[in-house]
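Please open the structure in your viewer and keep the selection tool at hand, since this tour moves from one selection to the next and says what can be found at each stop.

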Amino acid sequence: MAEMWINMGPQHPMTHGLWNLRVKVDGETIVDAEPEVGYLHRGIEKLCEGRTYPQIIPIADRLCYGSSMTWSHAYCLTVEDLMGVEVPERAEYIRVMTIEMQRIASHLMWLAAYAGDLGLSVGFTYTMRDREVFVDLLQGLTGSRLTYNYPRIGGVAHDLPPDFGRDAIRATRYMEKRLKEYEDLFEGSKIFMMRNVDVGVLSKEDAINLGVTGPSLRASGVDYDLRKDMPYSVYPEMDFRVATHSDCDCYARYRVRMDEMWESCRIIRQAIEKMPKGRWRVVAPRNAPVGTGVGRVEDPRGEAVMYVVGDGTDRPYRLKIRSPIFVTVSAAPKILVGYKLADVVAIMGGLDMCIGENDR
Amino acid sequence: MNLFEFCHGIIHWLVDLVNNVWYWLGDFLPWYFWEFFTAVGDFAASESHLTLMTILLETLIIIIVALINVLNFLWIFRKLSGRILDFYGPYYVGYRIGGWLQNLADGVKLFVKEIIVPAKADRLGYLLAPIIFVGSSLLILAVIPLSVDFGVATNASGEYVPAGAVFALAAFSIAPFAILLAGWSSNNKYTLIGGMRSAAQMMSYEIPLILSAASVFLLASSFNFVDIVDAQHDVWFCIPLFIGFVVFLVCLIAEVEIIPFDLPEAEAELVEGWTTEYGGMKFGLFYMTTAVRSYAGGALATALFLGGWQGPWFIPDEIWFLIKAYIVYTVFMWLTWSVPRIRIDQMLVFGWRRLLPLAVLNLVIAVAVKSWGWV
Amino acid sequence: MSEGGNAGRVTGASIERAPSKVGDDSEFRVLRTLAERFPRTVSEGTQVRPGLLRATVERSDLFGVCRVLRDELGFEHLSMISAVDYEDRFEVVYHITSYQHRLFLELITATPKDDPSVDSISSVWGGANWQEREAYDLMGVVFRSDPKLERILLPKDVLYHPLRKDFRG
């Protein structure tokens, strides 16, 4: 068969969103690839310039439907850096707990999509069902299921409901049981291992050079986690380990995310046990000073950075959002070339695409 | 009374009725038409014509029964998927019978849809592919008897089509051509790749399938389903030919294109594979025919390896046959939802390097078993 | 992947403890080296808070500074490129990360309004390419000798750069 270009997208089951991956195949082997993004560009950065600082929190939520809490937290962290607001300790613990819950929910959604990509329907439905546990917890806390609008500049919106800590600890215990079952389900399957091991190898040097971050970077053997290496919030108080893997392939990416879920369960429990009493919010000033602020958090998908420029008014002069997936996608051609067409879904699924934050 | 006698009686009665009307009509005409009328009436009443019509009626009945079973299969597929995948499955249409009517409702919906042919598609091939696919799959069903008495027999003593098993396997392997035709004529890259994959897959899994079936023919010394099932009176062939049985099941999964071997329509990478450009009832035919082939596969495995309609007396033979076919299909479904999809190169390697040697080994075992007379 | 099957079941097997190295003296080494190597163009090197540095560089030496940062000072990762439209200038802000020293550097370059162009650093950090394309797309800053400088988020036939302050939708 002659070489031909195939448009995988914008309407394609592999894409999990609205983007286009053009692959050039020779028979079934990929010889070239070219991602095209921008189909979901909503102009959020421009939109934010016309909103006051608190009004941007719901917009930041909508950057990624899979990890909205992380994004609003990143935004609040950035603006607190700009305004110089000190957050009460209880609020920090609540934030850490909620973003770790969000991380588990996001990883579970990734696992569901990944299993669906590989044709493992059981994996899809079971992981989505167990994601409900954490989504329900966050719903009980914040009132919504997907875009929570919970962090505030200078704290969180409101205190924990009664018995929330007990429910959350119970949820993590349940989750750990289920994680064991998932490991049996996925790694016990010979076909799953055949589809993952030695597929989509991204070497350590390439991963660093191409700016890949997050679980994909750690799966390439780089031990770098912002929670550990550039700690923000109260992560220094937490006892957890950074999941890394040296195989650089899709299995390593899967393994790193599974390990992160284990660690997130531990962090949630520690946060609840160590949570002090006290205020959960301080009043932030209405106007930001002239200057800049930068905030970096470890998103479930990688390194999320926000850069805000204040001009003395109540609206940001400029808000720049660094989406981890935006840079990771640009590395896709490097990973894809040489593999089979069926590996595209494994590789792109293993990178955990989220087009909402990619196109902003 | 077997199916042939039953159908022969109906046909005989019908022909007599029609002939009476025919001669009565002829009485109104002048005498020089009478010879023509008599010749036609005699031909209609002749035994060869009656046999032909009987076989057609038998085939119709067998296929209707089979299609009802296919509806059951689709229903089992949906309900079992629901049970395994943690959702309800159909339950609204036909509430009191567990949503059984949902497939009929879907069929009606598909029937009223417009027939759309893509502008740059090869129109003839595009429209011909579903017909070939459905026709070849229904051919399989026509030769598989559900019991000694319930099959398409050719005379009153219940003799079936000679070499019916070979005919079934041959009909089974027409489908790749239809799929390749569908993939090619749709003029779409995904369908083309799906068609190519399907051709490669079915060719490479056809050989172990037929080799493991050949071991059964060897043991039974016959190509006829009745003889094959009778030969399993003492021990089912799945016990001495266990390797062949497993190879046969694996190849069947590949032939009916369900996960883990549903590469030609792998929805994650090829949208819907070779069915991407098909809509309406053309897609409905493909969908139905997949279930038809699952039923045919289950029936073949039952007849060749699981003792066919043999079982304790308190359940009729036909029901025994269907129960076994259903169990085979259920095992297929169970497998389908428990494993991911395999990759095309891994699949071909698996077919040529694992299944084919195993099938040959199984053939050797069959020769040994036969020559020492263990079965 | 050396072992198949259920390898890696034990979570501890694949995880190593990473000691935090924030706040060692390499921060000052970075600022000192930059000031020594580029005395005329690099200015205002400060430590904003532990782990976060800030420096300003003139655009003529941007590429050289980036090369030095990557090759000699261990800044392996380009986190973010942001273009900011001020009244009198465009600022291109590079946020650069050092994995080995756990440092974060904010490198600011200014470019005049009538000629918004800086050197491309895609050859230094491969991950910079798409971010440069994004900055060009939304802000209209030209990155010279970028391997593929075209619009990425907006359609190719759009005539404006929407993040500029003089843009009125």
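In which loop of chain A does A:Cys248 lie? Select this residue first, bearing in mind as you look that the model is a predicted one. A:Cys248 sits in the loop between strand 6 (242-243) and helix 11 (250-274) of chain A, and its phi is positive, at about 65°, although the residue is not a glycine. If you display its surroundings, you will find 22 C-beta neighbours inside 10 Å, and because the cut-off for a buried residue is 20 or more, A:Cys248 counts as buried.

Next, select A:Asp352, which belongs to the loop between helix 14 and helix 15 (355-359) of chain A. This residue, too, is not a glycine and yet has a positive phi, of about 60°. Is A:Asp352 buried or exposed? It has 28 other C-beta atoms within 10 Å, so A:Asp352 is buried.

**Two helices side by side**

From that loop, step back to helix 14 (341-350) of chain A and select it together with helix 4 (89-118) of chain A. Two packed helices are described by the angle between their axes and the distance between the axes. Here the axes of helix 4 and helix 14 of chain A come within 9 Å and cross at roughly 175°, which means that helix 4 of chain A is roughly antiparallel to helix 14 of chain A. To see where they meet, show A:Ala113, A:Tyr114, A:Asp117 and A:Leu118 in helix 4 of chain A, and then A:Val345, A:Ala346, A:Gly349 and A:Gly350 in helix 14 of chain A. Sorted by class, the residues of this contact are five nonpolar, two polar and one charged.

**A covered helix**

Now select helix 3 of chain A, which covers residues 68-83. At 1.5 Å a residue, its 16 residues should span 22 Å, and the C-alpha atoms at its ends are 23 Å apart, so the two values agree. Helix 3 of chain A is mostly covered, for 16 of its 16 residues are buried. Just after this helix you can select A:Gly84, which takes a positive phi of about 70°.

**Where chain A meets chain B**

Colour the chains separately and look at chain A against chain B, where 25 residues of chain A are in contact with 22 residues of chain B. Among the elements that give two or more residues to the chain A side are strand 1 (3-8), helix 5 (121-142) and helix 7 (190-196), and helix 4 and helix 14 of chain A also belong to this group. Helix 5 of chain A gives the most, with five residues. The chain A side as a whole divides into 15 nonpolar, five polar and five charged residues.

**Where chain A meets chain C**

Which chains have the most contacts among the two pairs that touch? They are chains A and C, and this contact takes 38 residues from chain C and 47 residues from chain A. On the chain C side, strand 4 (77-85) is one of the elements that give two or more residues, as is helix 3 (128-139) of chain C, and strand 4 of chain C provides the largest share, six residues. The chain C side holds 17 nonpolar, 15 polar and six charged residues.

Finally, select chain C alone, which has three helices and eight strands, and note that 43% of its 169 residues count as buried. If you then bring chain B back into view, you will find that no contact joins chain B and chain C, whose closest C-alpha atoms lie 14 Å apart.

Technical notes: Residues are numbered from 1 along each chain as its sequence is written. Chains are lettered from A and ligands numbered from 1 in the order in which they are written. This is a predicted model: local features need pLDDT of at least 70, side-chain atom pairs count only at pLDDT 80 or more; totals for chains, interfaces and linings use all residues. Two residues are in contact if their C-beta atoms, placed from the backbone, lie within 7 Å. Helices (H or I, at least four residues) and strands (E, at least two) are DSSP runs, numbered from the N terminus. Ala, Val, Leu, Ile, Met, Phe, Trp, Tyr, Cys and Pro count as nonpolar, Asp, Glu, Lys and Arg as charged, and the others, Gly among them, as polar. A residue is buried if 20 or more other C-beta atoms lie within 10 Å of its own, exposed if 12 or fewer, and partly exposed in between; C-beta atoms are placed from the backbone. Axes are lines fitted to C-alpha atoms, for helices over the stretch in contact, and angles run from 0 to 180 degrees between N-to-C directions. Angles under 35 degrees count as roughly parallel, over 145 as roughly antiparallel, 65 to 115 as roughly perpendicular and the rest as oblique. The expected span of a helix is 1.5 Å times one less than its number of residues.
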